[in-house]
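Colleague: Please take a close look at one part of this model, the place where chain B and chain A meet. What is buried there, and which elements of chain B supply the side that touches chain A?

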Amino acid sequence: MEILFYIASIVAVVSTIMVITRLNAVHALLYLVVSLLAVALIFFIIGAPFIAVLEVIIYAGAIMVLFLFVVMMLNLGKIAVEQERRWLSPGIWIGPAILSLILLLELIFMFAHSSQAIQATMISPKEVGVTLFGPYLLGVELAAMLLLASIVGAYHLSKRKKKAKHRFMEETAE
Amino acid sequence: MISIPMEFGLILAGTLFVLGLIGLMVRRNIIFVLMSIEIMINAAGAAFIFAGAKWGEPDGQIMFLFILAMSAAEVAVGLGLILQIYHKFQTLDGDTVSKMRG
Amino acid sequence: MLELLWLIPALPFAGFLILALFGSRLSRQSAAVIGVGSVGLSAILTLGIAIRFISSPPADHAFSQMLWQWISVDAFQPAITLYLDALSLVFIFVITFVGFFIHLYSSLFMYEEEGYSRFFAYMNLFVGSMLTLVLGNNLLLLYLGWEGVGLCSYLLIGFWYKDSENGYAARKAFVVTRVGDTAMAIGLFLLFTSFGTLDIQKLLQQAPQEWTINSTQAVLAAALLLGGAVGKSAQLPLQTWLPDAMAGPTPVSALIHAATMVTAGVYLIARTHVLFTLAPAVQTAVAVVGALTLLMAGFTALTQRDIKRVLAYSTISQIGYMFLGLGVGAWSAAVFHFMTHAFFKALLFLGAGVIIFVLHHEHDMFKMGGLRKKLPVTFWTFLIGSASLAALPLITAGFYSKDMILWYTFAGEQGNDWLWAAGLAGAFITSIYTFRMVFVTFYGEAQAEITHKPGMQLKVPLIVLAVFSLIAGFIELPHTLGHLTLFSHFMHSALPPTEVLHESVSLELLLQVIAAIAVLLGIYIAYHIFIRNRSIANNLTASGPGALLHRFWYSGWGFDKVYDTLFVNPLVWFAKINRNDFIDLIYTGIAGTSREFHRQLTRTQTGRLRWYATGIVIGAIITITVVVYL
Amino acid sequence: MNPIVQNLLIVFGVLFGALTMAAGLIWIERRMLGLWQDRYGPNRVGPFGIFQVIADMIKIFFKEDWIPPFADRTIFTVAPAIVVATVLLGFAIVPVAPNVFVVDFNIGILFFLATSSIGVYSLVLGGWSSNNKYSLLGALRGTAQMISYEVFMGLSLMGVVMMTGSFSLHSIVEAQQGMWFVVPQIVGFVIFIIAALAETHRLPFDIPEAESELIAGYHSEYSGMKFGMFFVGEYLGITLISALTVTLFLGGWLGPSFLPPFAWFSLKTLVVILFIVLLRAALPRPRYDQLLSYGWKVLLPLSLLNILVTGAVILATG
């Protein structure tokens, strides 16, 4: 089973690298979905099947589809790819890569001191639910409010004023 | 029964996070920027899961649930913004939306 | 009846509130009814209380009414308490009665003016504040009224605020009196730190027990209170504001700058007479200030052309008499003179107001003339007032009160021949300038046409005040003339009697005759110069030293110039060179530096997400490096 | 028998069964439609046209596998595979009989929801990569429809989960010993059927395809084996939701003992499939906006209410 974990890790990292280097948004999204699926698999392996499934349903199945939906609506095509190519000159990668590498090395160096192993104890959805609606009830309420706010915000943001054309009058309708 | 070194999980999460960070710093297209942010959020959540798994407690998963809710909200609003920006500027170049600077 | 005491100040305050809140919506009639009526009711109430107080005096000849606790901080517990005794009764009587007649007079005088209800609001506020000042039983409440009347004075001097001259005069009055007020405030602090209370009666009881005569503290406290009194009452050296205060409407000059407010200093010294008794040096200073002021103001009044300025300087001069009386310990004489002065000076101002009113705001006496026939009522009442001011013997109130002061100045324990001589000289000059004013205004050739006749509301106050100017003196007659002591006897319940060294009727008669001769001589000189032969005056002022003296007196002994050179110009000069405020340089420096930083930091605000993200990453790297690895 | 061999046997058995069912459905559906619409249907190839399936297979296999030059090649190729793969993954959790199942997850239902949500990609990517405006429109519609109905589908199942106290399909079937969940969970059942039909974009919810408007929508540009995979995927989907309906609401393998559990399961599934085919024959296609507002304004409140009432009843009865 450990080998599965490492394979999934490699898949996740590689596909994430692909995400940030793709020129075509749809391709990048697909790689991101692959990455998320790999991470979901990792979650499953280390004993969080509930979260693994949620990762697939919500992240890969809903959020990413929403992304795809928007990309398709914009329907950018070849021009966008050309533009990306122009923007992504090789030189631009150097600075961020070095900075991120420093950060990563610092992180790894920090983690390197601990040498405890994860014992994959399966945590059932029931346990998660009991804890979620027990000590974390307030957090659930807050998350609900956040979601409500985002629904309202998203609705308001994506509302577009359309021009209603008529032979005699021209007025803006909601 | 499997046994994976704790630091490996954290390093994986850190690597994913840093990759998202690179994307954030490099890309100009706001869709890619949003995607990079998603990668980073997911990586942060993964770190919680690893930590939770380390102690065998469900709390890490709870935190991931909250992160999930937060990221869903963020994506909804973010995509709405992207649509508006595209309609207004006919481009997805994040640098065009710099009117509020200084 | 006495329990209604609180209503006396409350009624004008209520009138003020109504006029201030709804004044713009009221018609002129209702504004006048409220403004005059509130003071009138106060006057009637005062009359009732006065009758009750005199017919059956309360215990200790004083009545105090606590309304509510004002402030309560540890030992500092001043209350809003009204205190009525003989002294304050005289004052509230004068304030409400003279105030009422002046209000009545104003209801017609100000009728054409813009801001009619505003005028009455200010006037009511003034009357309320003045009553608070007089009735307050502790120095803090007194100070509240003190500042209240100062504020009203400022507001009313600048009533025609659209003219910047008036605003300047109002500012000058406010700033100059502020000098005295500051001294007084410091005096109050001193008294409070010494006795732990500001209650006047307690102070007056404790002070003789705890302070010895001529102790530093007593001298200091008395001197500081004197400073306040000097400022408010326009005595040397703070007298310069009062002539300029004539810029206000004439009823204001009559009420505030003649009858009531300017005598607040007299009231303060009389009220705290115990402190001055403890500091004989300061009391002598009071007398000297009074004597000098009355001479200085008298000479100045001789040369003025503006009728109101003549009256203003004469007011300064007459208050000088009151100070003189206070200074020699003739407390009741000073208060007596305050009362008679309030009547005849108000009368004179109102009469002058009528003249100015009918001549279209003409202030220059030498452009009037010949008004005797055209304004008979005004002429006769003005003549009575002038006679009273000049202390025409036997028939006028001014004679009795001034004579009382002069007598005590000469014969009193603290009296002094020199002070008496100054007072006598003052009386002589007073009669000259008073009748100069009368002769120039009412006799001779008419220089201007009158446009309309004064109405009843103008005449009635004149007549009433004229009657008072004549008869008010008969309540106190000297030994030589029947020796009636109604007033001083009444006052002795609040103020100590004056010790007299030379108890001699013949001496008193001699002095009176001298004074009477001086007055009559003065009238004759005025008659000779201003009716028989005007050229004498012109010759006197045309020649070298005469012209110099005239200019010197005309400018009010150059006080304004001195103050300008000593205080105003240096301050203006300093303000000018410090236009950019060198202390501000520090702050503008800080502001400039931060603005520069802001400008630099603004450059980093590119609006580019990538740039921000990079910044965050660099920051995170630095933070982690510092926190974890260092 | 070696457990690994046994597992492999079951895996292949289920795979084989599902695929056979899907292929057979092509024929069954057309015959049944013919029956209900009073016409013949396939009747030339073999007895009752039963070899029509084989004929179609041959046609599909040998047709030219043409990729349009304007299409995005990679994604165009990958898209059809996704639907087949995800649906087949979904079969893994279906317990055919007490001992015959591929795997018994404690998150069984969630796993099914996960696979079906991944299945959306096949449609979306197929439509996008075809680079054809009708395909794109179909894909857009499909996306909106499927992510909307996924929500109610998940919520409608929560009543069942609450009554069982587990996500495991095995436990759910066993919990229906006394009474099938279709009785207490009738609301959930109806919503599930509707949502599942929309999820598999079957008629009457075949809006992403909608021949009359979008000329087959997202798979307009597909032909040959790639089209075949979409085709098979759809029938696999029908089979899967029928099997799940049986498992969740109709007692799964439970039934009187004169037939083995496996037979009961198959029988019930077949009935549900026929019911779905009947729906296709009977109902017209709703308009796109009607479909979405019906979902959000009727089905979502209803499913929430169902959860609320179920929860209340469970609490009350202990």
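Modeller: What follows describes that interface, and then turns to another interface of chain A and to a pocket in chain D. The model is predicted, and every value below is computed from it.

Between the two chains, 68 residues of chain B are in contact with 82 residues of chain A. The size of an interface is often given as the accessible area lost when the parts come together. For chain B and chain A that area is about 7000 Å², and carbon and sulfur atoms give 79% of it. Four elements of chain B each supply at least two residues of the side that touches chain A: strand S1 (3-5), helix H1 (6-26), helix H2 (30-55) and helix H3 (59-89). H3(B) gives the largest share of this side, with 24 residues. Sorted by class, the side of chain B that touches chain A holds 46 nonpolar residues, 14 polar ones and eight charged ones. Zero salt bridges are counted between chain B and chain A. Polar contacts do occur between these chains, in seven residue pairs with both residues at pLDDT 80 or more.

Chain A also touches chain C. Here seven residues of chain A are in contact with 10 residues of chain C, and the buried area is about 740 Å², 78% of it from carbon and sulfur atoms. On the chain A side, Leu99(A), Leu103(A) and Glu106(A) lose the most area to chain C, and together they account for 61% of what that side buries. By class, the side of chain A that touches chain C has six nonpolar residues, no polar residues and one charged residue. Between chain A and chain C there are again zero salt bridges, and one residue pair is in polar contact, with both residues at pLDDT 80 or more.

Away from these contacts, the second largest pocket has a volume of about 890 Å³. Its lining comprises 38 residues, of which Ile60(D), Phe227(D), Phe231(D), Val232(D) and Tyr235(D) are the closest to the centre. Helix H1 (3-36), helix H2 (52-62), helix H3 (73-91) and helix H9 (224-249) of chain D are the elements that give two or more residues to this lining. H9(D) contributes the largest share, 10 residues. The lining of the second largest pocket divides into 21 nonpolar, six polar and 11 charged residues.

How values were computed: Residues numbered from 1 in each chain as written. Chains lettered and ligands numbered in written order. Predicted model: local features only at pLDDT ≥ 70, side-chain atom pairs only at ≥ 80, totals over all residues. Heavy atoms only, no water. Contact = heavy atoms within 4.5 Å. Buried area = accessible area lost by both parts, 1.4 Å probe. Salt bridge = Lys/Arg side-chain N within 4 Å of Asp/Glu carboxyl O. Polar contact = N/O pair within 3.5 Å; in protein donor to acceptor, adjacent residues only side chain to side chain. Nonpolar A, V, L, I, M, F, W, Y, C, P; charged D, E, K, R; others polar. 1 Å grid on protein atoms, 1.4 Å probe; cavity = no way out; pocket = protein on both sides within 12 Å on 5 of 7 lines; lining within 4 Å. Points joined across faces, edges and corners; volume = space filled by probe spheres on them.
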